[in-house]
Amino acid sequence: MTYDLTVIGTGPGGYVCAIRAAQLGLKVAVVEKDRTFGGTCLNVGCIPSKALLHASHLFDEAGHEFAGMGIKVPAPKLDLPAMMKFKDEGVAGNVNGVAFLLKKNKIDAHIGRGKIVAPGKIEVTGADGKTQTVETKNIVIATGSDVARLKGIEIDEKRIVSSTGALTLEAVPKKLLVVGAGVIGLELGSVWRRLGSEVVVVEFLDRILPGMDAEVGKQFQRILGKQGMTFKLSSKVTAIDSSGKTLKASVEPAAGGAPEMIEADVALIAIGRIPYTEGLGLDYVGVKMEKGRVLIDADFKTNIEGIYAIGDVVAGPMLAHKAEDEGVAVAEILAGQAGHVSYDAIPNVIYTFPEVASVGKTEEELKQAGIPYNTGKFPFTANGRAKVNRTTDGFVKILADAKTDRVLGVHIIGADAGTMITEATIAMEFGGAAEDIARTCHPHPTLSEAVKEAAMAVAKRAIHM
Ligand SMILES: Cc1cc2nc3c(=O)[nH]c(=O)nc-3n(C[C@H](O)[C@H](O)[C@H](O)COP(=O)(O)OP(=O)(O)OC[C@H]3O[C@@H](n4cnc5c(N)ncnc54)[C@H](O)[C@@H]3O)c2cc1C
């Protein structure tokens, strides 16, 4: 039989694409090399990291915040194997959910590594080495990404770990060296700090969270510093000696110079991720790449007829919801509809405490593009709910076009920032103005009132400041 569509990879891009295409009446198959569906996100990314962030946050609260609220508990004790079981059960619930949805939508799953041998032909090699050929009118490549490695430093996933190993450590490291102050390094660094590690973060650039609004990065670094994380910016790890009982990392100034040595029990290499296309046969069929990513046009089409690509393997932010939206859009295009993704309104969240969330342009980007803008800022210290909850760290910042008042970017540090960013994203999707947010009734008392106040602050009329 010939499928209308075969998706290679079942991460959030691939499985969502397959389901949407099946909903639209296409005969669909997926190819997956791993034992479980769900890709990086469900197995070794978003889901397990959020399970550990949730559990470690409650552990931290129980140890430090409960007494202040009149809750007397004995000092909490960590049962790490039980916490890991909690995480694994959460992962299992999610990956089993994907298996159920694929079945429900009558999507055939071919388990094995897929290689495109010709347009419309995928060779699938199972774990037993047996191959089968899947025939299909269209192919969507959704093979995701893999950990970026540092030259000369071997990841053993025990002492020198990637995010995958950092999600399964068997003991709390006394000292954790995090290489890279991006989202993954700061989230997993937070998990282990809360569980008792001394955490040192080494970052090549002179700031944390490159790409995020600079003011947000600065304040967030101060907050993480107060929580006990140490930062070494403008520095690079050039080697890690793992021959002794503790690791010895050579850390040099980014611009070069004499190295210093930092000892640690575990080193987490979190310098980013790279698109994954190994063994996919792209050279063989002549699919064009650009900067290591599969090159696509506005309709997700590669240079080869009938071959499309989405998610981490193509350009854009490596985020699960971006991959999902591309999956929906390409399925709709293949079914003859007008699939579309608004790349200017893709939110980005860091699930630490407080959370950091943003959508749209940063101040630096607006300045560089020469776009005049007004800023409205509101601190959580002036928000009633944050005050009573004692979660007053952070602020909401809204950047609006100086001429039209249209919202161009929103940046939030604060408890639950990841949920609050959604209202800003919807406002931006609808082409909304700061005035639209300011005139929208927000429930009291909620943290989201800070978003409304920041919108009012754009016109210099915040009430509670
Ligand atoms: C620790 C961590 C935390 C993260 N947290 C978040 C978060 O909170 N929010 C967020 O939005 N993003 C987060 N991400 C990023 C997110 O996981 C990715 O952006 C997302 O998974 C990309 O989806 P995808 O469908 O493109 O690819 P993936 O999820 O990587 O899935 C690709 C799939 O393709 C399969 N595959 C690859 N090659 C083949 C082949 N030849 N044949 C068959 N199958 C193949 C793989 O086995 C895999 O299942 C996190 C990532 C990490 C590592």
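**Entry 1: a pair within helix α9**

I looked up K322 and E326 in this predicted model. Because the two residues stand four apart in helix α9, about one helical turn separates them. I found a salt bridge between K322 and E326, with 3.2 Å between the closest N and O atoms. I then asked whether K322 is buried or exposed. K322 has a relative accessibility of 1%, so I recorded K322 as buried, the cut-off being under 20%. E326 also counts as buried, because its relative accessibility is 1%.

**Entry 2: a pair that links distant parts of the chain**

I next examined R20 and E332, whose side chains meet in a salt bridge of 2.8 Å, N to O. R20 belongs to helix α1 (residues 12–23), whereas E332 belongs to helix α9 (residues 320–334). The two residues are 312 residues apart, and the pair links distant parts of the chain. I noted that R20 and E332 are both buried.

**Entry 3: R439, E435 and a network**

I turned to R439, which forms a salt bridge with E435. The closest N and O atoms of this pair are 2.7 Å apart. R439 counts as exposed because its relative accessibility is 63%, and the cut-off for exposed is over 50%. E435 has a relative accessible area of 28%, so I entered E435 as partly exposed. I also found one network, in which salt bridges that share partners join D213, E215, E363, K367, K377 and K397. How many salt bridges does the structure hold? I recorded 19 salt bridges. As a general remark, side chains of opposite charge can pair when their charged atoms come close.

**Entry 4: helices α3 and α6**

I then studied two helices. A packed pair is described by the angle between the axes and the distance between them. The axes of α3 and helix α6 (residues 183–194) come within 9 Å, and they cross at roughly 35°. The crossing in which α3 passes α6 is left-handed. On the α3 side, the contact is made by S49, K50, L52, L53, S56, H57, F59 and D60. On the α6 side, E187, L188, S190, V191, R193 and R194 take part.

**Entry 5: a nonpolar patch on the surface**

Finally, I looked up V73, which lies in the loop between α3 (46–64) and α4 (80–104). Because its relative accessibility is 41%, V73 counts as partly exposed. Which residues form a nonpolar patch on the surface with V73? I identified M69 and I71 as its partners. Together, M69, I71 and V73 have about 260 Å² of accessible area.

Methods
Residues numbered from 1 in each chain as written. Predicted model: local features only at pLDDT ≥ 70, side-chain atom pairs only at ≥ 80, totals over all residues. Heavy atoms only, no water. Patch = residues over 30% accessible without salt bridge, like charges linked within 9 Å, V, L, I, M, F, W, Y side chains within 5 Å. Areas by Shrake-Rupley, 256 points an atom, 1.4 Å probe, with all protein chains shown as cover. Salt bridge = Lys/Arg side-chain N within 4 Å of Asp/Glu carboxyl O. Buried < 20%, exposed > 50% of the residue type's maximum accessible area, 1.4 Å probe, protein only. Axes fitted to C-alpha atoms, helices over the stretch in contact; angles between N-to-C directions. Left-handed = near helix turned anticlockwise from the far one by under 90°. Contact = heavy atoms within 4.5 Å.
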